[in-house]
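I opened this notebook to record, entry by entry, what I looked up in the structure. The entries go from terms and overall form to single strands and residues.

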Amino acid sequence: CGAELVGFAEPYAAVRSLSGHPAEYTCDWRNPLLTLELLDIRSGARELLAERTNSSPSPGWGIAFSGDGRYLAFDDLGAGQNGRVVVVDIFTGERSVLEPEVWGVRALDSDGSLLLHGDLPVRVWDVARGELVTSFENRDGESMFGAFASDGSTVYTTGPDGVLRHWDARTGQELSSFGAVSHGPIDILDRDRVLVSNVWQGHAAVIDFRPKGELGFVATCQGGVPPNALGVAGGMAAFPVRCGDDAAATTYGVSLEDSEVVYALPGHQSDALVISPDGTRFVRQGGDGTMPGPLTVRDLGTGDILVELQPFGTEVKPIRWSPDGAMIAAEVNSKMVAVFDANNGRLLYAETGPSDRPYYVADAFFTSDSARLVVSAVPNGHRVFSTANWDAVDNIGNLQSHGDTRFPTFLGYSPDESTILA
């Protein structure tokens with residue numbers, strides 16, 4: 001009734017066939033009886049491996065060759081078995097049997113000593129001992145496809161979420177993950193490159209783990225760096241990383257020359273960080289768990305606190321440092337712009353909106369001479385304040401683009417103050 005090639009390691013091909021005959025109407029596609037054969041393509045010799053095997057339509061399930069082509073693992077569902085895996089040495093015919101209780105062969109490592117099996121969780125088995133080594137459970141759903149790295153020390157898996165996950169084959173610890181890759185079978189091209197194909201959408205992605213111009217790297221917790229939160233100056237970089245389920249981020253200070261973490265400061269709130277114009281300090285909001293604390297000015301080289309700014313008891317997001325280094329503008333709970341003295345922490349000015357309608361701060365920035373502060377807010381539009389006495393000196397109003405009112409993030413101001421880039 002038809003057959004399919006389910007595995008190949010030259011000169012051997014694994015072929016899965018559906019028993020029956022179309023003319024006799026005995027091809028039962030709803031409850032298929034699939035046999036598995038090993039075919040030597042040089043001589044045409046055939047060997048029956050299993051009278052009934054896994055009927056999963058997904059490629060990469062139910063059968064796997066080892067990287068050296070010597071071993072073949074498959075689900076054996078014959079004689080009422082529902083969770084027996086057979087690993088056969090193609091050269092000698094010797095067989096090892098494992099009893100993982102459910103079917104689901106995924107992959108063998110390069111020398112056939114480790115078996116990747118099942119899902120939710122994916123498990124690694126020691127073939128010779130018949131023992132479970134470790135397991136990996138994808139918290140975000142299924143792991144449909146898997147493969148061992150070329151040295152067998154790690155495993156790659158993909159699932160319907162399109163994420164390629166890389167984890168330790170001995171401990172089950174996730175090492176890294178790459179989103180928006182694909183959902184499909186995995187091929188190991190070499191030690192540093194992985195191919196993930198999507199047979200349903202007809203495309204593939206190659207993920208190259210080799211450095212491509214990077215000067216170095218540092219190990220942080222597993223997490224992401226928020227946008228616009230990386231500061232670099234004087235051979236140092238500072239950035240927050242929100243680690244796992246932590247309520248607050250951790251600020252990392254990194255030496256770019258040595259590729260070393262100089263300090264790691266927990267309790268980073270508001271996912272923002274701004275470096276001073278002279279490159280010696282940075283400002284962030286600290287706190288304890290979900291309780292926001294004050295903004296603190298810290299030494300970029302050591303992470304030590306230099307100045308604590310006047311607290312507000314709510315989220316305060318630093319957004320701009322004045323070009324002369326004397327003032328810090330911050331967004332307070334998205335409803336106020338506050339300006340602090342960067343040297344003593346004193347509150348200099350707080351710009352609030354009307355009390356009778358919603359008010360939202362979009363952005364604020366200083367002019368190049370630090371003499372004025374421009375604030376973008378809804379619904380007041382764009383207003384300009386003197387930093388000498390905090391009087392409103394100009395009202396730009398709402399910006400228009402393609403007929404719509406815009407409240408943008410500012411990128412720059414021309415030296416003659418005639419043009420805003422936003």
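**Entry 1. Terms and basis.** I take strands (E, at least two residues) and helices (H or I, at least four residues) as DSSP runs, numbered from the N terminus. The model is predicted, and I note that local features need pLDDT of at least 70, that side-chain atom pairs count only at pLDDT 80 or more, and that totals for chains, interfaces and linings use all residues. Residues are numbered from 1 along each chain as its sequence is written, and side-chain values use heavy atoms, with hydrogens and water left out.

**Entry 2. The chain as a whole.** I asked first how many helices and strands the protein chain has. The count is zero helices and 39 strands. The radius of gyration, taken over C-alpha atoms, is 31 Å, whereas the globule rule (2.2 Å times the number of residues to the power 0.38) gives 22 Å for 422 residues, so the protein chain is more spread out than a compact globule. I also looked up the extent of the C-alpha trace, which spans about 95 × 50 × 35 Å along its principal axes.

**Entry 3. Cover, contacts and charge.** I use "buried" for under 20% relative accessible area, "exposed" for over 50%, and "partly exposed" for values in between (1.4 Å probe, protein chains only). By this rule 46% of the 422 residues are buried. A contact means heavy atoms within 4.5 Å. Of the contacts between residues at least 6 apart in sequence, 35% join residues at least 24 apart. I then looked up charge, counting Lys and Arg as positive and Asp and Glu as negative, with His and the chain ends not counted. There are 30 positive and 56 negative side chains. The centres of the two sets lie 2 Å apart, each charge being placed at NZ of Lys, CZ of Arg, CG of Asp or CD of Glu.

**Entry 4. Strand β6 and its partners.** I treat two strands as paired if DSSP finds at least two bridges between them. Strand β6 covers residues 71-76, and five of its six residues are buried. Which strands pair with β6? Strand β5 (residues 63-65) does so in the antiparallel sense over three bridges, with I63 opposite F74. Strand β7 (residues 84-89) also pairs with β6 in the antiparallel sense, over six bridges, and there V87 is the bridge partner of A73. The hairpin of β5 and β6 has five residues between the strands, and in this hairpin G69 takes a positive phi near 75 degrees.

**Entry 5. The hairpin of β18 and β19.** Strands β18 (residues 193-198) and β19 (residues 203-208) run antiparallel and are joined by six bridges. I found A204 of β19 to be the bridge partner of S197. Four residues lie between the strands of this hairpin, where G202 has a positive phi near 75 degrees.

**Entry 6. Backbone exceptions.** Most residues other than glycine have a negative phi, and most peptide bonds are trans. I therefore searched for departures from this general pattern. A cis peptide bond, with omega about 10 degrees, joins E10 and P11; P11 is in the loop between β1 (3-9) and β2 (12-18). The bond from L120 to P121 is also cis, with omega near 5 degrees, and P121 is in the loop between β10 (114-117) and β11 (122-126). S270, not a glycine, has a positive phi of about 65 degrees. It lies in strand β24 (residues 260-275) and is buried, at 10% relative accessible area. W390, likewise not a glycine, has a positive phi of about 65 degrees. W390 is in the loop between β34 (381-386) and β35 (392-397) and counts as buried at 13%.

**Entry 7. Three residues in their surroundings.** I asked where S150 is placed. S150 is in the loop between β13 and β14 (154-158), and at 39% it is partly exposed. Beyond four places in sequence, S150 touches S110, I188 and R191. Its C-alpha atom is 7.7 Å from that of G67, although the two residues are 83 apart along the chain.

Is S143 buried or exposed? S143 is buried, with a relative accessible area of 1%, and is found in the loop between β12 and β13 (145-148). Its contacts beyond four places in sequence include R106, D119 and N138.

V133 is in strand β12 (residues 131-136) and is partly exposed at 26%. Among its contacts outside four places in sequence are L114, W125 and R170.
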